[in-house]
Amino acid sequence: MCGRTACSLAADNLRRACAYRDRRGRRRQPDWVRGERYQPSYNKGPQSSGPVLLSRRHLHQDADSSERVLMDMRWGLVPSWFKNDDPSKLQFNTSNCRSDTMLKKTSYKGALLKGKRCVVLADGFYEWQQQQSGGKQPYFIYFPQTKDAVDEGTEGDEEWKGWRLLTMAGIFDCWEPPSGGEMLYTYTIITVDASKDVSFIHHRMPAILDGDEAIRKWLDFAEVPTQEAVKLIQPTENIVFHPVSTFVNSIRNNTPECVAPIELGAKKEVKATPSNKVLLGWLKNSQEGSPQKKENDLPKWKSQFIHSPSPKKTSADILQQWLGKQGEPAAKKHKA
């Protein structure tokens, strides 16, 4: 399943990270729709809003269906046919949609057959592993990152060099209050059986679209019919992960500490990977633009997995401590 994500890029950088080529081969950045509503966060949960990509034709019928726009939508799909004036009165959870039933359930079938397909954007998502002790260990799961991603570049760069966003397949709908009022755009994240590497954490995972061709086919509803598009909904092995502190358990905690790696007992020594080095640079660059005002205002928390933490240390310091000792532990894939 997918019940928590992080998406910390500022609105302008999010556009740059979503650059694509349209049908004519022109390199473009998607325009924001209601971009002023977007709020970066290290800890997004259902009922909060988040950024999604969709075809411009959903908003303008004469637009090229290969053109993309960014929109801030609420997580948790409200079907267009819902008759209550209060969308919170919806009696079932629609934050996730199972791939095996999405063409059967009325909540999703109508929207999907109308081509209301979107791509949900995130730095990565969190998943909790059930422990034998009865507790749960959270993990942060994301695309592998390259060395080039350490430097985000300048605003004038044509190509984005920062964090590679996780691109998850979603369905959206537009609901209008029966008594009138502003249209509400909402989405659900499609889930599939977990891939082998992450199945030890949880048996479900979001359907991840790996590469721009998969994103193009999922979004271009005018050119790619539903029955063809749903073939893209498969588990992917192209992901990495690391354990994080239970600090992320509370949705109120919204700082870089949520994604910072921790050691689980430090029994094994693992080599560093580009993904962890990128994560370090990413967290360093996140300090000034953190969704919360000041790092000094962070809750004074401690993790049993981080040795001798200091309340005055920043998240980058914590991650540097994690990376800098005993062979620089790395983001890794699970080995059976």
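Okay, so the second largest pocket: 28 residues line it, and the ones nearest its centre are A17, A19, W160, R164 and L165. Bear in mind that this is a predicted model. The space in that second largest pocket comes to about 620 Å³. What is the lining made of, by class? For the second largest pocket it's 13 nonpolar, 9 charged and 6 polar residues. If you want to find the walls on screen, look at α1 (11-17), β2 (20-21) and α3 (212-219), since each of those puts at least two residues into the lining.

Hang on to α3, by the way, as it turns up again in the core.

Zooming out for a second: the protein has 15 strands and 6 helices. Of its 336 residues, 52% are buried. And if you take the contacts between residues at least 6 apart in sequence, 71% of them link residues at least 24 apart.

So, on to the largest nonpolar core. That one has 60 residues, and I171, Y187 and W218 make the most contacts inside it. Which elements feed it? At least two residues each come from β6 (49-55), β7 (68-75), α2 (106-113), β9 (117-122), β11 (136-142), β12 (166-175), β13 (184-193) and, there it is again, α3. β12 gives the largest share, with 6 residues.

Let's click on I171. Leaving out residues up to four places away in sequence, I171 touches quite a list, including L77, M102, Y108 and L112, then Y187 and I190, plus two cysteines, C97 and C118. There's also another core, apart from the big one, with 13 residues; Y142, V244, V248 and V259 are among them.

Since cysteines came up: how many disulfides does a search of the whole structure find? The count is 0. For anyone looking at individual cysteines, C97 counts as buried because its relative accessibility is 1%, below the 20% cut-off. C258 is at 0%, so that one counts as buried too.

Last bit, backbone oddities. Most residues other than glycine have a negative phi. Where are the exceptions I'd like you to look at? One is R34, which isn't a glycine but has a positive phi of about 55°. You'll find R34 in the loop between β4 (31-33) and β5 (41-44). Then there's Q47, also not a glycine, with a positive phi near 80°. Q47 sits in the loop between β5 and β6. Is Q47 buried, exposed or partly exposed? Its relative accessible area is 48%, so Q47 goes down as partly exposed.

Note on methods:
Residues numbered from 1 in each chain as written. Predicted model: local features only at pLDDT ≥ 70, side-chain atom pairs only at ≥ 80, totals over all residues. Heavy atoms only, no water. 1 Å grid on protein atoms, 1.4 Å probe; cavity = no way out; pocket = protein on both sides within 12 Å on 5 of 7 lines; lining within 4 Å. Points joined across faces, edges and corners; volume = space filled by probe spheres on them. Helix = DSSP H or I, 4+ residues; strand = E, 2+ residues; numbered from the N terminus. Nonpolar A, V, L, I, M, F, W, Y, C, P; charged D, E, K, R; others polar. Disulfide = S-S within 2.5 Å. Buried < 20%, exposed > 50% of the residue type's maximum accessible area, 1.4 Å probe, protein only. Core = buried A, V, L, I, M, F, W, Y, C linked by side-chain atoms within 4.5 Å. Contact = heavy atoms within 4.5 Å.
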